[in-house]
Structures are given as C-alpha cells and as structure tokens.
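Here's a quick tour of a single chain, written for someone who likes to know what sits where before heading to the bench. Have a look at the structure first.

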Amino acid sequence: MSRLFELEFYLDNIKLIGVLSILVGAGTWALDIFDLVYICPFCRAQRTVILILGIFMTLPGTSHFILRYLTSILAFYGLVVAGNQHFRGWFAIQQGEFSFGEQWYLNTWMLSFCAICIITAQVWIIFLSKKK
C-alpha cells in the first residue's frame, strides 16, 4: 500500500495506467455517443486528450522526444480547455449562480478539475519514464 505514494510505482506501471486512461476515455465517449450525458465540447476535448495520452502511455517508446513533443501539445490543449471550463465554475461561484445540481458527481466544475489532475499526471508519467 505504501508504494502507491512512490513515483516509481507509477513509472513501473505506465502501461497499466495507460490502459486505465484508455478505458476512462473510451468509456466517457461511449456515454456521450449513447446520449447518457449531455453534449459538452469542453468534456469531449478533455476526454479525447486523456484517451490519446493513454494510448501514448502503452506505446514502447514513451521516452522518445517526438512522443513527448506530441504529449506536450495535446496536454497543453487539454489543460487550457479544462482550465477554461473550471474557471467558468469559479466565475459562477463569484456571481452567486453556482449549483452542483441533483447529480453533483456530474458537475462540470468538479469534472474539469479531475481532467486537470489526470492530464497533468499523464504528462508527468510520460516525461519521467525511462528507456527500457
């Protein structure tokens, strides 16, 4: 259990984390395709970035500079989109218009923060991975 707090655990399991990222990205796309969630262009961009970075994590050459360059571009895009969506939530809070809604776990303010955390973690894992 204590290994969960060590960076090496995540670097050693990069492919497994990549597969989990692919499942998250594909699963959320499935929810969107089957109209189980409302259409959100911000969410679509974020889930696509998480999915593609997950694919990158399963590739054998995660330490290659081209893959890291593409990771940087995609992550920057995903983080800008997630940051904008998250800021909209803060703006609504400041205006006194914020509401979690009945399904608080689907609140875009919370989910965009989760996307920020996931994308940032993916970038760290890809950039800190070593050649094997």
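What follows goes from the overall fold to the core, and then to the cysteines.

Keep in mind that this is a predicted model. The chain is made of helices: there are 5 of them, and 0 strands. Read from the N terminus, the order is simply α-α-α-α-α. The C-alpha trace spans about 50 × 30 × 30 Å along its principal axes.

How much of the chain is buried? Of its 132 residues, 32% are. The accessible surface comes to about 8,600 Å², and carbon and sulfur atoms hold 72% of that. As for charge, the chain has 9 positive and 7 negative ones, and the mean positions of the two groups lie 14 Å apart.

Now for contacts. Counting those with a separation of 6 or more, 71% are between residues 24 or more positions apart.

On to the inside. In soluble globular proteins, nonpolar side chains tend to be buried together. Here, the largest nonpolar core has 16 residues, and the members that touch the most others are Leu53, Phe56, Met57, Ala75, Ile119, Ile125 and Ile126. Which helices feed this core? At least two residues each come from helix H2 (14-33), helix H3 (41-58), helix H4 (65-95) and helix H5 (108-128).

Leu53 is a handy place to zoom in. Leaving aside residues up to four places away in sequence, Leu53 touches Thr71, Leu74, Ala75, Ile119, Gln122 and Ile126. One of these partners, Thr71, belongs to helix H4. With a relative accessibility of 0%, Thr71 counts as buried. Using that same sequence cut-off of four places, Thr71 is in contact with Leu53, Phe56, Val123, Ile126 and Phe127.

Finally, the cysteines. How many disulfides turn up in the whole structure? The search finds 0. Cys114 and Cys117 are each worth a look, and the table puts their values side by side.

| Residue | Nearest cysteine sulfur | Distance | Relative accessible area |
|---|---|---|---|
| Cys114 | Cys117 | 6.5 Å | 39% |
| Cys117 | Cys114 | 6.5 Å | 38% |

Why is Cys114 in no disulfide? The nearest cysteine sulfur, that of Cys117, is 6.5 Å away, whereas a disulfide needs the two sulfur atoms within 2.5 Å. Cys117 is likewise in no disulfide. As for exposure, Cys114 is partly exposed, and Cys117 is partly exposed too.

Note on methods:
Residues numbered from 1 in each chain as written. Predicted model: local features only at pLDDT ≥ 70, side-chain atom pairs only at ≥ 80, totals over all residues. Heavy atoms only, no water. Buried < 20%, exposed > 50% of the residue type's maximum accessible area, 1.4 Å probe, protein only. Helix = DSSP H or I, 4+ residues; strand = E, 2+ residues; numbered from the N terminus. Contact = heavy atoms within 4.5 Å. Areas by Shrake-Rupley, 256 points an atom, 1.4 Å probe, with all protein chains shown as cover. Lys, Arg positive; Asp, Glu negative; His and termini not counted. Charge placed at Lys NZ, Arg CZ, Asp CG, Glu CD. Core = buried A, V, L, I, M, F, W, Y, C linked by side-chain atoms within 4.5 Å.
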